[in-house]
Amino acid sequence: VSRAPTSPLRTPARPPPGPPLGAWAWAAAAGPQDGGMVSQGVGGHEGYSGTPLWKVQQQNAAQREAALQESLAYAAERTKPVPPVNVLAEAVSIGGLSGKRLVRHVLIKCLRKVAQNSRVDLPTSGLFSNQAPIGLYCLFDGQSSAGEAGPAAAEYCARNFYKKVLENLSSLPAGATSDIFVKAALVKTFEDLDKEILEQPDVRDGCGASIALIIGEYLFTAVLGNCDATLCEAENTRQRAVPLGRSQGRCHLPEERARLQRAGGAVIGEGATARVVIAGGTSSVSRSLGDPLWKGAGGGSAVLSCIPEIHSIKLSWAEKHIYLFITAKPLAEALTSQQMVEFAGDFAVQPRAACGELIQKASSMGVAPTDQCTAIQVWFLRGGPYGGEAEETVGGEAPKKKPRLGAAVGASVETKSARLRHIMVNSQETPTPPVPGQKAEEIRTRVEAEALLRQLLREFKTELEDLRRKHGRLKKPEDLWQKSGLFAKLCKEYSVCPTAQKGGGMCGDLGWVSREAQRKFSREFHDAVSVLRPGDWSDIVPSSSGLHIVQRIA
């Protein structure tokens, strides 16, 4: 086939009139060149689009470099230190039948770290941007079951709920990461988990649930059944309770009654005694996870719902919003939301003590010892979701000069070393032997030991208020603790630590304790001490030696 000579000045054919065409469309419209063969240009330096080959190679190199930089940025984002949520969270569970745990709770302070370890990629936009800290706090109560209370459904939820949350959060599209979509992901988590439980042949009971999910500045709560969640808000000079789970789960509520009747159930009774009745039994709850008999497993219609009451709140972090309570059925039935807030009023930034006080009050109001009472308190610390920054931290050995400490009470500021004194009591659950001369029957139960320490915390708080009235010019706790005459007396009377035998101002003194040494006591010991400023008292702290209350004195 003869080929006509190609002129070095020849240009590609012009595109036909009309809208612009892509490079491949232009080549097709121009038709074959040079006797049916497509020209590659002079010396083969142009492609189909007419772009010089060196230019195409340059563009490809730029694209490869951009893709590499994107991959490196992705890897760097995933390897950044993952901050935990800036909260103090503790749970207390007392009572119940021996060997049968009907209530299970799960506290995950850093859900991002769990996601990383599970190789789950969470969204990076919207509420999830800037590596927003994520925490998950869950309670599952087998006592809030439609039928006979059992542990199987609560146990299944405790092991699998966080996995479903991660799965549904990771599936959110890039443009769907607002609070509305997170709430939808939580609802889907409940639906998925309920479906899975109903497919388990060995799970024949059900449970209620109370969940708190914190993503950055946002708090999400989901409550199902007769459990509860209560948010404490500061209102002028008082604290106000905001109930977050009492608009569902109870058969006497008008909307619940109407829904149950539409589903084929009969509602009998009024108020707290209202029940829903079907051919297979009677239930005091209108919503639950599991309970196959009430979800159509026998061929009937599903009467109970698994959809929780959902709320989303933008937190002000210790300014307006102080803390959150998550409680099991016995506490939700015995105490009003406002009573919970009032009973916890003596224990600021002391969640374990506050939970123990709630349970003690509920027990005094008639809750049976066979009911398992469980409470979680999540205390929002100052400094926002990421935590505060100290002006200067105390390091290494005891400083020659008094350090400047810029953190407010309750701010999440971790110091390298702190001087501490404490009171330690043992209990029947403590593995350490009793103090010489102490009879076995004189050793307190854990409940009694924690009640004693709460009483001591109250006495120290009362003394602090008296000292402030007496020494008006001394405002800060670190200036007032040296005026205390109560500590040495109570330490010698109750503490089983050998430091209680020291004389004068050294009574109960642990000296300067580094972070590593604090962790050797226990993780809870370190977490409780890390947020204290001089003069502050810690929460009740368990360790292998016993139960402590700790005061930071420098």
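Hi everyone, let's start with a small group of rings: Phe140, Phe161 and Phe190 together make one aromatic cluster. Before I go on, please keep in mind that what we're looking at is a predicted model.

So, how are the rings of phenylalanine 140 and phenylalanine 161 placed in this cluster? Of the 10 aromatic pairs in the structure, this one has ring centres 5.6 Å apart and planes at 55°, so the pair is tilted. Phenylalanine 140 sits in strand 3, residues 134-141, while phenylalanine 161 belongs to helix 4, residues 152-170, so the pair links parts that lie 21 residues apart in sequence. Are these two phenylalanines, 140 and 161, buried or exposed? Phenylalanine 140 is buried, and phenylalanine 161 is buried too.

Here is another pair to find on your screens. Tryptophan 317 and phenylalanine 380 form an edge-to-face aromatic pair, with 5.5 Å from centre to centre and 75° between the planes. Tryptophan 317 is in the loop between strand 12 (309-314) and strand 13 (321-327), and phenylalanine 380 is in strand 14 (residues 373-380), so this pair ties together parts 63 residues apart in sequence. Tryptophan 317 and phenylalanine 380 are both buried.

Let's go back to helix 4 and look at its partner. Helix 4 packs with helix 5, residues 179-198, at an angle of about 135°, and their axes are 9 Å apart. The two helices, 4 and 5, are therefore oblique to each other, and helix 4 passes helix 5 in a right-handed crossing. Which residues meet there, between helix 4 and helix 5? On the helix 4 side we have Tyr156, Cys157, Asn160, Phe161, Lys164, Val165, Asn168 and Leu169, and on the helix 5 side Val182, Ala185, Leu186, Lys188, Thr189, Phe190, Asp192, Leu193, Glu196 and Ile197. Sorted by class, this contact of helix 4 with helix 5 has 11 nonpolar, three polar and four charged residues. You may have spotted some familiar names: Phe161 and Phe190 are in this contact, and they are also in the cluster I opened with.

Now let's move along the chain to helix 10, residues 446-470, and begin with its packing against helix 9, residues 351-364. Helix 9 and helix 10 pack at about 115°, with axes 10 Å apart. That makes helix 9 and helix 10 roughly perpendicular to each other, and their crossing is left-handed. From helix 9 come Arg352, Ala353, Gly356, Glu357 and Gln360, and they meet Arg446, Glu450, Ala451, Arg454, Leu457 and Arg458 of helix 10. What classes of residue make up this contact of helix 9 with helix 10? There are three nonpolar, two polar and six charged residues in it.

Helix 10 also packs with helix 12, residues 486-494, this time at about 165° and with axes 11 Å apart. Helix 10 and helix 12 are therefore roughly antiparallel, and helix 10 passes helix 12 in a right-handed crossing. Here Leu452, Leu456, Glu459, Phe460 and Glu463 of helix 10 meet Leu486, Phe487, Leu490 and Tyr494 of helix 12. This contact of helix 10 with helix 12 divides into seven nonpolar, no polar and two charged residues.

Next, a quick look at helix 14, residues 523-530, where Phe525, His526, Ala528, Val529 and Ser530 are buried. What covers the buried residues of helix 14? The cover includes strand 15 (417-425), strand 16 (509-514), helix 13 (515-521), strand 17 (541-542) and strand 18 (547-552).

Let me also point you to lysine 314, which is found in strand 12. Its C-alpha atom and that of tyrosine 218 are separated by 4.5 Å, although lysine 314 and tyrosine 218 are 96 residues apart along the chain. Setting aside neighbours within four places in sequence, lysine 314 is in contact with Glu217, Tyr218 and His321.

I'll finish with the backbone. Most residues other than glycine have a negative phi. Arginine 119, though not a glycine, has a positive phi of about 60°, and asparagine 130, also not a glycine, has a positive phi of about 60°. Where are they? Arginine 119 lies in the loop between helix 3 (111-117) and strand 3, and asparagine 130 is in the loop between helix 3 and strand 3 as well. Arginine 119 counts as exposed because its relative accessibility is 79%, and asparagine 130 counts as exposed at 65%.

Thanks for listening!

Methods
Residues numbered from 1 in each chain as written. Predicted model: local features only at pLDDT ≥ 70, side-chain atom pairs only at ≥ 80, totals over all residues. Heavy atoms only, no water. Axes fitted to C-alpha atoms, helices over the stretch in contact; angles between N-to-C directions. Parallel < 35°, antiparallel > 145°, perpendicular 65-115°, else oblique. Left-handed = near helix turned anticlockwise from the far one by under 90°. Contact = heavy atoms within 4.5 Å. Nonpolar A, V, L, I, M, F, W, Y, C, P; charged D, E, K, R; others polar. Phe/Tyr/Trp six-rings, centres within 6.5 Å; stacked < 30°, edge-to-face > 60°. Buried < 20%, exposed > 50% of the residue type's maximum accessible area, 1.4 Å probe, protein only.
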